[in-house]
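This briefing goes through one structure topic by topic. Keep the sequence and the 3D view open while reading.

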Amino acid sequence: MNYWLMKSEPDTFGIDDLFNRPGQTEHWDGVRNYQARNMMRDDMKIGDQVFFYHSNCDEPGIVGIMQVVREAYPDFTAFDPDDKHFDPKSNPDKPTWYMVDVKFVRKLSRNISLRELKLKTELGDLALLRRGNRLSIMPVNAEQWAFILGLE
DNA sequence: GCCAACGTTGGC
DNA sequence: GCCAACGTTGGC
């Protein structure tokens, strides 16, 4: 089993939005970065555990846990001209973009903030903390996962 | 709102 | 294939 971290802006889709979805499940659409897509398409498996990270907000940080419940399939929002993430170069016969379905597992008892994570030398290799990192999906190794949960 | 970092685009 | 211009991300 693998561990991941996925970012979302709480103003757009936060942990509470996932909690309130039917079945507490939602497709993770709108990823338009090849590196992030490749991880979803090639490496994300059912049962993988994912940190839900709130980005671009007052207190960016890890707020909850979800799990992968459906493996990669075409991101249909790329075919919709009215969708914010429409991509005219992607077509249903040969989709460029993929998504997975994720299900709410639990909220953390508190927001483990980016500010706090940066202070932990144990997390030196965490992609989130690397300079200039902009990926919206990134791997977390087992040690990092356990360490972060230990901060809760 | 600013701006650093980085990905993408398109002219050549 | 190079690289300048441009767009986006996301912390601050």
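**Contacts with DNA and the fold behind them**

DNA strand C is surrounded by Lys 7, Tyr 53, Ser 55, Asn 56, Pro 60, Leu 114, Lys 118, Arg 134 and Leu 135. The model is predicted. DNA strand B has Tyr 34, Lys 89, Arg 131, Gly 132 and Arg 134 around it. Arg 134 is thus listed for strand C and also for strand B.

**DNA strand C**

- Of the strand C atoms within 4 Å of the protein, 71% belong to sugar or phosphate, and the rest belong to bases.
- The surface near DNA strand C is made up of 4 nonpolar, 2 polar and 3 charged residues.
- Lys 7 uses its side chain: one of its polar side-chain atoms is 3.1 Å from a phosphate oxygen of DNA strand C.
- Asn 56 uses its backbone: a polar backbone atom of this residue is 2.8 Å from a phosphate oxygen of DNA strand C.
- Arg 134 also has a polar backbone atom 3.1 Å from a phosphate oxygen of DNA strand C.

**DNA strand B**

- For DNA strand B, 67% of the atoms within 4 Å of the protein are from sugar or phosphate, with bases supplying the rest.
- The surface near DNA strand B has 1 nonpolar, 1 polar and 3 charged residues.
- A polar side-chain atom of Lys 89 is 3.3 Å from a phosphate oxygen of DNA strand B.
- For Arg 134, a polar side-chain atom lies 2.4 Å from a base oxygen of DNA strand B.
- Which part of Arg 134 faces which DNA strand? A polar side-chain atom of Arg 134 lies by a base oxygen of strand B, while a polar backbone atom of Arg 134 lies by a phosphate oxygen of strand C.

**Two loop residues with positive phi**

- Asn 56, listed above for DNA strand C, lies in the loop between strand 3 and strand 4.
- Phi of Asn 56 is positive, about 55 degrees, although Asn 56 is not a glycine.
- Asn 56 counts as exposed because its relative accessible area is 60%, and exposed means over 50%.
- Gln 24 is found in the loop between helix 2 (15-20) and strand 2.
- Phi of Gln 24 is also positive, near 50 degrees, and Gln 24 is a residue other than glycine.
- Is Gln 24 buried, partly exposed or exposed? With a relative accessible area of 23%, Gln 24 is partly exposed.

**His 54, a buried residue**

- His 54 is part of strand 3 (residues 49-54).
- His 54 is buried because its relative accessible area is 12%, and buried means under 20%.
- The side chain of His 54 reaches the backbone nitrogen of Ile 15 at 3.1 Å.
- Leaving out residues up to four places away in sequence, His 54 touches Ser 8, Pro 10, Gly 14, Ile 15, Pro 60, Gly 61 and Val 63.
- Pro 60, one of these contacts of His 54, is also among the residues around DNA strand C.

**Strand pairing**

- Strand 5 (residues 98-113) runs antiparallel to strand 2 (residues 25-27), and 3 bridges join them.
- Strand 5 also pairs with strand 4 (residues 61-74) in the antiparallel sense, over 10 bridges.
- Which residues stand opposite Lys 103 of strand 5? Thr 25 does, and Gln 67 does too.

**Domain annotation**

- According to an unreviewed UniProt entry, the annotation "domain: EVE" covers residues 2-150.
- In the model, residues 2-150 are 23% helix and 33% strand, and the end C-alpha atoms of this span lie 18 Å apart.

Note on methods
Residues numbered from 1 in each chain as written. Chains lettered and ligands numbered in written order. Predicted model: local features only at pLDDT ≥ 70, side-chain atom pairs only at ≥ 80, totals over all residues. Heavy atoms only, no water. Near = heavy atom within 4 Å. Polar contact = N/O pair within 3.5 Å; in protein donor to acceptor, adjacent residues only side chain to side chain. Nonpolar A, V, L, I, M, F, W, Y, C, P; charged D, E, K, R; others polar. Pairing = 2+ DSSP bridges. Helix = DSSP H or I, 4+ residues; strand = E, 2+ residues; numbered from the N terminus. UniProt positions renumbered as here; feature names shortened; annotations may be inferred. Buried < 20%, exposed > 50% of the residue type's maximum accessible area, 1.4 Å probe, protein only. Contact = heavy atoms within 4.5 Å.
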